[in-house]
Amino acid sequence: MTIQWFPGHMAKARNQVQEKLKLVDIVLEIVDARIPESSRNPMMDEIIADKPRLLVLNKADLADKKQTAAWLDYYQKHDLPAIAIDAQHKSRLPQIEKTVRQILATKITRQQAKGLKIVKLRAMCIGIPNVGKSTVLNRLVQKNIAKTGNKPGVTKNQQWLKVSDSFEVLDTPGILWPKFEDPDTGMKLALLGSIKDSIFHADDVALFGLDLLRQRYQAQLQQTYHLQAADFERDNAGLLLTLTKKNGFKDDYDQFSEKMINDLRKGRFGGVTLDVIPTPTSETEVPTDD
Ligand code: GDP
C-alpha cells in the first residue's frame, strides 16, 4: 500500500483513530523491534492520551536479542508496558492477552466486584505502515475469525474479532503516519520498508544502512558478504562499490543497493537493531547529596 502523508491526511488519520479509541479499553501500539523508537508515531502520546497502552515490539525474530531485552528494560523503567513478539512465525500470541489482563487488572477487579462474571476487554492495534499490524491481528484471532457483530454503542460497520471469551480486537488496525522530521529516522524507516521506496534513492538508503552496519554489526556484515578486513579501510562509498563488484553487479551500485536493502529487511545479517537506547540526560539524573 502506498501512503503519502499530507497535513489533511494526518488530521483524518488522527480523527479516525481517536473515534475508535472511544470503543476500546486498551491500545496495542505495534512497532518494529529493530527500530522501536523510529517506528513510533510522533504524536502517539497526544493521540492516545490517558488510554492504557501495551507497546508491542513485533518482528523480534529480525532484531538483536540483547538489544530487544535492553529496550524492554528501558520501557519498563519509563513505566510503559512492553513485550516483544514475532507475529509471523508464532501461531499464537498468548502474551498479548496475558499482559493486557495485567495492565487492566484494576478495571477487571472493579467490574467483578459489581457482579460481572466475564469482564470483556477490548483492544485495537495502532501503528505506522509495515510494522505488522495485520499480521498481529490475524495471529491473535486465528481460528476465532467469527465476528462478534455489532454491539450497542458501536458504530454500525464496526466489527469485533474474538480472541477469547473475554478479549476482543477491532477488525481494522489504526494506521498512523511515520516520523519524517528527523532525517536519520526517515532513512531507517526507508531501510526497513515503512516509507515508500521511491521517496529515497536506493543508494542513499544503502549507504546509510552500510554505515549503521559498520558501526554496530561489522562482523555480521563481513561474514554475510565475505569481506576481508582490508575492505573496511575504504569509506562507505568505496565499500559500496567493492560490494557491488563482489556481488557481480559490475558498477551498477543502484542494483546492489536494492539487494543490500532487501538482505537487511529479510534478516540476512542476523538479528540487528538500528535504534540506540537514549542515554539519560543530566536533567533526568537523580541529584545526589554532596
Ligand atoms: P501492517 O502494514 O502494519 O499491517 O504490516 P503487515 O502485517 O502487512 O506486515 C508487513 C510485513 O512484515 C509482511 O510481509 C509480514 O509478513 C511481515 N511481518 C509481520 N510480522 C512479522 C514478524 O514478526 N516477523 C517477520 N519476520 N516478519 C513479519
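This is a short walk through one chain, from its overall layout to its core, its ligand shell and two loop residues.

Okay, ground rules. The model is predicted, so local features need pLDDT of at least 70 and side-chain atom pairs count only at pLDDT 80 or more, while totals for chains, interfaces and linings use all residues. Residue numbers start from 1 along each chain as its sequence is written.

So, the layout. We've got eleven helices and seven strands in the chain. Those are DSSP runs numbered from the N terminus, with helices being H or I of at least four residues and strands being E of at least two. The domain assignment splits off domain 1 (10–175) and domain 2 (201–265), and bounds like these come from an automatic or database assignment. Their C-alpha centres sit 37 Å apart.

How much of the chain is buried? Of its 290 residues, 35% count as buried. Buried here is 20 or more other C-beta atoms within 10 Å of a residue's own, exposed is 12 or fewer, partly exposed is in between, and the C-beta atoms are placed from the backbone.

Now the core. The largest nonpolar one has 69 residues, with L28, V56, L57, A123, M124 and V169 making the most contacts inside it. A core, by the way, is a set of buried Ala, Val, Leu, Ile, Met, Phe, Trp, Tyr and Cys residues joined through C-beta atoms within 7 Å. Helix α8 (residues 202–216) supplies the largest share, seven residues. Both domain 1 (10–175) and domain 2 (201–265) contribute, so this core lies between them. Take A123: leaving out residues up to four places away in sequence, A123 touches V24, D25, I26, V27, L28, V100 and V169, where touching means backbone-placed C-beta atoms within 7 Å.

On to the ligand. It has 15 residues around it, and the closest are Q88, G132, K133, S134 and T135; to count, a residue's backbone-placed C-beta has to lie within 6 Å. Helix α6 (residues 133–141) gives the most to that shell, three residues.

Last, two oddities. Most residues other than glycine have a negative phi. H226 has a positive one, near 50 degrees, and H226 sits in the loop between α9 (218–224) and α10 (236–246). K250 also has a positive phi near 50 degrees, in the loop between α10 and α11 (253–265). Are they buried or exposed? H226 is exposed, with 9 other C-beta atoms within 10 Å, and K250 is exposed too, with 10.

Note on methods:
Two residues are in contact if their C-beta atoms, placed from the backbone, lie within 7 Å.
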